[in-house]
Amino acid sequence: MTQSRQQQVSLDDTPFYHCYVRCVRKAFLCGSDKATGENFDHRKQWIVSRLKFLSYVYAIDVCAYAVMDNHYHVVLHVDKQRALDWSYSEVAERWMQLYNGDILVDRWLANPSAMSEAEEEAVFKRIDIWRERLYELGWFMRGINETIARMANKEENCHGRFWEGRFKSQALLDEAAVLSCMAYVDLNPIRAAKEDDTFTSDFTSIQQRLFDFTQSNKKGKRKSESEKTLISRVNHQKTIEQEINHNFKLNDLPNASLMPFSGSSKTNIHTALPFTQADYFHLVDATGKIIREDKRGFIPAHYPPILQRLGIDQKTWLQNVTRFEKRFGRAAGKVNKVLEYAKRLKGKGNIGLWCKGLNKMYCHSELSH
């Protein structure tokens, strides 16, 4: 039986979630349609642009994303406390960037002192509902999927479903699960043999992170051919974004940066990811080369420290980043954390959906902890 989204999400256990959704009939509605010969690559930029804008409005950070021809993946971090810290006026202003407001709220924003106590109480009650929605996964994903579906139908002058159904999600209960899932998402184009490396993996967070790094650290220096290719491809995506604003009469919308990295495992998870950027770049690059060449191989000796710290052996790592979505159920993490998560969300009746892959995240020695 399908569970409601509230029964699958527990922010008390983890703020990190892997979400993904596929096009109806798994059709190539965001890529090259083999049946018609039409190319819809620009829709991938629609999704990326919408994702970054919603991250700016919501108290939800984007850790990783990959937009493919017939589906997309995103790793999200929900910062509930950030939303709770917003003032009533800030919540209202954020909400009304996306949806229609409320007559009473509009009056309060224009002249708070003119409101009666009962009217003010009604205003705050309405805004508190908006506040909850601004850190809810369901509303965030809805804000992407409904908008993209409308834009696609308008482009093709048709009606009907664009996505096969509501999005699916997996709770990431610890650092190892977050790292594995982020790499799994970033390596999607390479794993699907669509691209050769991360520099050419368009519409992915790893390409955006590499671009940002190149722009901030290589000023005045001669760029390599790979860097030139990277810059050219990202600039092309920016051109598509500008066309979106023109064709759909949208204003230039603000967007949020990707969730940053930190070099310390003691960093507050609501501030930065507990890995260094360099470690992540090197690990994903090395993993991508093995996947692309279809080798059993191994990760070079100077890369494993991050895996050792998280208790993941190299064989397990490679299996996780190639089959994460299928290897794990509704949650990924240490055995005790998954069991506690399932118990909290009353998953006992269908425990297999929660415990799938319990013995696949860590090396054997970790499973006894």
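Where is Arg25 found? Arg25 sits in the loop between β1 and α1, and it opens the second of the close-ups below. This is a predicted model, in which local features need pLDDT of at least 70, side-chain atom pairs count only at pLDDT 80 or more, and totals for chains, interfaces and linings use all residues. Residues are numbered from 1 along each chain as its sequence is written, and side-chain values use heavy atoms, with hydrogens and water left out.

**View 1. An open sheet of five strands and two helices that pack on it.** The strand order is β2-β3-β1-β4-β5, with mixed pairing. The edge strands, β2 (60–67) and β5 (331–332), each pair on one side only. Helices (H or I, at least four residues) and strands (E, at least two) are DSSP runs numbered from the N terminus, and two strands pair if DSSP finds at least two bridges between them. Seven antiparallel bridges link β1 (residues 16–22) with β3 (residues 71–78), and Cys19 has Val74 as its bridge partner in β3. Helix α1 (residues 42–57) touches β2 and β3, its direction making about 170 degrees with that of β2. Helix α6 (residues 137–156) touches β1, β2 and β3, at about 145 degrees to the direction of β3. Contact here means heavy atoms within 4.5 Å; axes are lines fitted to C-alpha atoms, for helices over the stretch in contact, and angles run from 0 to 180 degrees between N-to-C directions.

**View 2. Positive phi at Arg25 and at Lys26.** Most residues other than glycine have a negative phi. Arg25 has a positive phi of about 60 degrees, while the phi of Lys26 is near 55 degrees. Lys26 is also placed in the loop between β1 and α1. Arg25 counts as exposed because its relative accessibility is 71%, and Lys26 is exposed at 51%. (Buried means under 20% relative accessible area, exposed over 50%, partly exposed in between, with a 1.4 Å probe and protein chains only.)

**View 3. The bend of helix α13 at Val321.** The bend is about 60 degrees, taken as the angle between axes fitted to the seven residues ending there and the seven starting there. Helix α13 (residues 314–327) spans only 16 Å between its end C-alpha atoms, whereas a straight helix of 14 residues would span 20 Å at 1.5 Å a residue; the expected span is 1.5 Å times one less than the number of residues. Val321 is one of the buried residues of α13, which also include Trp317 and Phe324.
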